[in-house]
Amino acid sequence: MLRDRLAPAYLDYHEGWALQRRVHADVVSGMRPPTLILCEHEAVYTAGKRTQPEDRPVDGTPVVDIDRGGRITWHGPGQLTGYPIVRLVEPVDVVAFVRDLEAMMIDVAARHGVEGERVEGRSGVWVRTAHGYDKIGAIGLRVQDGVTMHGFALNCSNSLTPYEAIVPCGISDAGVATLSQLTGRRIEPADVIDDVVDAFGRLVRFRAAAEVAA
């Protein structure tokens, strides 16, 4: 696995999207190994293909419409966004890869004292609260030519205020949380990068082994 660790400056979403497309083309052609791009974006709302009009902000805030699955979400400073660009094992099973990414984020959260879990019928990573569940990790993917694009977002120290303007991921009956909020100590994206790389590296090795075994 090759890791692209971007500069500390916040990455413009359109620049990150263009980078994804370049790396994706290289992975599809075999010129590049599986690659994980990690970054913090400049604040932006992105809307997947299933976004509904009622999900969007009503104050005129710009939204970038993109070609991943899922609905609307927010990216910005304090959130670690990861773009795994990986060739999936044949036959392609996108749901299985989503579950792998969930397991990876659950592992990383546990290393920092947060017990994340899955919620049946909903993607991502959740924490149990007094009122139900809050989401700490979101997932939205696209698979083209057998290779993934887009990916996951893990809330570390980001503000939760931007989520008040949208219906995050189209889910109106659950909240959003961060690792910092849940632990009572500041956990920045930089604090979890090595854990994410380690967990993702094990995931890629497992998938490579599965492909060989198949």
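**Exercise 1. The residue after helix α2**

Determine which residue just after α2 takes a positive phi.

*Solution.* In this predicted model, the residue is Gly-113, whose phi is about 85°.

**Exercise 2. Geometry and environment of helix α2**

Examine whether the span of α2 agrees with its number of residues, then describe its N-terminal end and its buried positions.

*Solution.*
1. Helix α2 covers residues 94-111, that is, 18 residues.
2. At 1.5 Å a residue, the expected span is 26 Å, because the rise is counted over one less than the number of residues.
3. The end C-alpha atoms of α2 lie 26 Å apart, in agreement with the expected value.
4. At the N-terminal end, Asp-93 acts as the cap of α2, with a side-chain oxygen 3.3 Å from the backbone nitrogen of Val-95.
5. The buried residues of α2 include Phe-97, Val-98, Leu-101, Met-104, Met-105, Ile-106, Val-108 and Ala-109. Asp-100 and Glu-102 are buried as well.

**Exercise 3. Aromatic pairs**

State how many aromatic pairs a search of the whole structure finds, and characterise each of them.

*Solution.*
1. The search yields two aromatic pairs.
2. One is formed by Tyr-13 and Trp-17, with 6.1 Å centre to centre and 55° between the planes; this pair is tilted.
3. Both Tyr-13 and Trp-17 belong to helix α1 (residues 13-29), where a separation of four residues corresponds to about one turn. Tyr-13 and Trp-17 are both buried.
4. Trp-74 and Tyr-163 also form a pair, which is edge-to-face, with 5.8 Å between the centres and 65° between the planes.
5. Trp-74 is part of strand β5 (residues 72-75), whereas Tyr-163 sits in the loop between β10 (147-155) and β11 (175-176); the pair therefore ties together parts 89 residues apart in sequence.
6. Buried means under 20% relative accessible area. Trp-74 has 5% relative accessibility and so counts as buried. Tyr-163, at 7%, counts as buried too.

**Exercise 4. A charge over a ring**

Identify which residue lies over the face of Trp-17.

*Solution.* The residue is Arg-21, at 5.1 Å from the ring centre of Trp-17.

**Exercise 5. Confidence along the chain**

Assess the pLDDT of the chain and of its elements.

*Solution.*
1. The average pLDDT of the chain is 88, and 90% of the residues score at least 70.
2. Among the elements, helix α3 (residues 179-183) has the highest mean pLDDT, 97, and strand β1 (residues 2-5) the lowest, 43.
3. Over residues 1-7 the pLDDT is below 50, yet this stretch has 28 contacts in the model beyond near neighbours in sequence.

How values were computed:
Residues numbered from 1 in each chain as written. Predicted model: local features only at pLDDT ≥ 70, side-chain atom pairs only at ≥ 80, totals over all residues. Heavy atoms only, no water. Helix = DSSP H or I, 4+ residues; strand = E, 2+ residues; numbered from the N terminus. Buried < 20%, exposed > 50% of the residue type's maximum accessible area, 1.4 Å probe, protein only. Polar contact = N/O pair within 3.5 Å; in protein donor to acceptor, adjacent residues only side chain to side chain. Phe/Tyr/Trp six-rings, centres within 6.5 Å; stacked < 30°, edge-to-face > 60°. Lys NZ or Arg CZ within 6 Å of the ring centre and 35° of its normal. pLDDT = per-residue confidence, 0-100. Contact = heavy atoms within 4.5 Å.
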